[in-house]
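Here's a quick briefing for anyone opening this structure for the first time. Have a look around, then read on.

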Amino acid sequence: KADFDRALSQLSQIVKSLNADLGIMLDTGAEKIFLCDEQGHILEGDLELAIMTALVCRSAEKAQIAVPVRASRVIDEVAGRYGARVIRTKTSARDMMEVSARASVNFLGENLGGFIFSEFQPAFDAMFASVKLIEMLAKQKTGLSTLATEVPGINMISKEVSCAPEKKGKVLRCLIDDLKDEEVDLTDGIKVVDGDGWMLAL
């Protein structure tokens, strides 16, 4: 984690010193990208996903966007501005790639830097995602910082609770019983929707 944060800090410094339009860092497996705007701000998580979603929706009329169930509902709001449809998937890489292989899905993105453009291949590819990002920015004559200001505020908290694997099923079943009167999404784990907010247990 420390090395990763240090690498992002270096990316920000390089972008500012070179007066670059953006910075892109690839993970070691060349599957994910991490972005920095022209002002040196690092764009991570759901903000990065929302920006990519906006670019895709602007590029494809009535696009179908796929995101994992853990992604912020801001993604739905951004896609809705352009008449796009959002499909929720399970959180595993395999499930996401299977959904992206559908002919109707234009783009799949997750909030950990992985993006799939089905026109190329149904798999996470950092190099293609980088090229596609630059292409969309150029065609739309916009920048990452401009797009970031158009994304509504994102407020999410996550916590990891230790649970023995053999007890996970029992815990989830108890949660389902306790929440039988609530609006629940069982795409992956248990997602409880409450007004504009939600809670997800995986």
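How do the residues of the lining of the largest pocket divide into nonpolar, polar and charged? In this predicted model, the split is 14 nonpolar, 7 polar and 8 charged. That pocket is a good place to start, and after it come a second pocket, a cavity, the cores and some aromatic rings.

**The largest pocket**

- The volume of the largest pocket comes to about 1,200 Å³.
- Its lining is made up of 29 residues, and the ones nearest the centre are Ile 157, Ser 158, Lys 159, Trp 198 and Leu 200.
- Three elements, α3, α7 (165-178) and β10 (197-201), each put at least two residues into this lining.
- β10 gives the largest share, with 5 residues.

**The second largest pocket**

- Here the volume is about 230 Å³.
- There are 13 lining residues, and Val 56, Ser 59, Ala 60, Glu 119 and Lys 132 sit closest to the centre of this second largest pocket.
- Two elements, α2 and α5, give two or more residues each to the lining.
- The largest share of the lining of the second largest pocket is the 5 residues from α5.
- Sorted by class, the lining of this pocket has 5 nonpolar, 4 polar and 4 charged residues.

**A cavity**

- Searching the whole structure turns up 1 cavity of 30 Å³ or more.
- The space in the largest cavity is about 40 Å³.
- Around the largest cavity you'll find Ala 54, Arg 58, Val 78, Arg 81, Tyr 82, Leu 147, Glu 150 and Val 151.
- α2 and α3 are the elements that give two or more residues to the lining of the largest cavity.
- This lining has no polar residues, but 5 nonpolar and 3 charged ones.

**The nonpolar cores**

- The largest nonpolar core counts 34 residues, and Ile 51, Ile 65, Phe 107, Phe 115 and Phe 117 have the most contacts inside it.
- Plenty of elements chip in: β2 (33-37), α2 (45-59), β4 (64-68), α3 (74-81), β7 (115-117), α5 (126-140) and α6 (144-149) each bring at least two residues to this core.
- α2 leads the way with 8 residues, the largest share of the core.
- There's also a second, separate core of 8 residues, with Ala 66, Val 99, Leu 108 and Ile 116 among them.
- Back in the largest core, what does Phe 115 have contact with, leaving aside neighbours within four places in sequence? Its partners include Ile 33, Glu 48, Leu 49, Met 52, Phe 107, Leu 108, Ala 123, Phe 124 and Ala 129.

**Aromatic rings**

- The structure holds 5 aromatic pairs.
- One of them joins Phe 4 and Phe 34: the ring centres are 5.0 Å apart and the planes are at 80°, so this pair counts as edge-to-face.
- This pair links distant parts of the chain, since Phe 4 belongs to helix α1 (residues 2-18) and Phe 34 to strand β2, 30 residues apart.
- Are these two rings buried or exposed? Phe 4 is partly exposed, at 26% relative accessibility, while Phe 34 is buried, at 11%.
- Phe 120 and Phe 128 make a stacked pair, because their planes are at 5°, with the ring centres 4.3 Å apart.
- Phe 120 has a relative accessible area of 45%, so this residue is partly exposed.
- Phe 120 and Phe 128 also belong to one aromatic cluster, together with Phe 107, Phe 115 and Phe 117.

**Around Met 25**

- Met 25 is part of strand β1 (residues 22-26).
- With a relative accessible area of 14%, Met 25 falls under the 20% cut-off, so the residue is buried.
- Which residues does Met 25 touch, not counting those up to four places away in sequence? They are Phe 4, Ala 7, Leu 8, Leu 11, Lys 32, Ile 33 and Phe 34.
- Both rings of the edge-to-face pair, Phe 4 and Phe 34, are therefore among the residues that Met 25 touches.
- Met 25 and Leu 11 are 14 residues apart along the chain, and 7.3 Å separates their C-alpha atoms.

Terms used: Residues numbered from 1 in each chain as written. Predicted model: local features only at pLDDT ≥ 70, side-chain atom pairs only at ≥ 80, totals over all residues. Heavy atoms only, no water. Core = buried A, V, L, I, M, F, W, Y, C linked by side-chain atoms within 4.5 Å. Buried < 20%, exposed > 50% of the residue type's maximum accessible area, 1.4 Å probe, protein only. Helix = DSSP H or I, 4+ residues; strand = E, 2+ residues; numbered from the N terminus. Contact = heavy atoms within 4.5 Å. 1 Å grid on protein atoms, 1.4 Å probe; cavity = no way out; pocket = protein on both sides within 12 Å on 5 of 7 lines; lining within 4 Å. Points joined across faces, edges and corners; volume = space filled by probe spheres on them. Nonpolar A, V, L, I, M, F, W, Y, C, P; charged D, E, K, R; others polar. Phe/Tyr/Trp six-rings, centres within 6.5 Å; stacked < 30°, edge-to-face > 60°.
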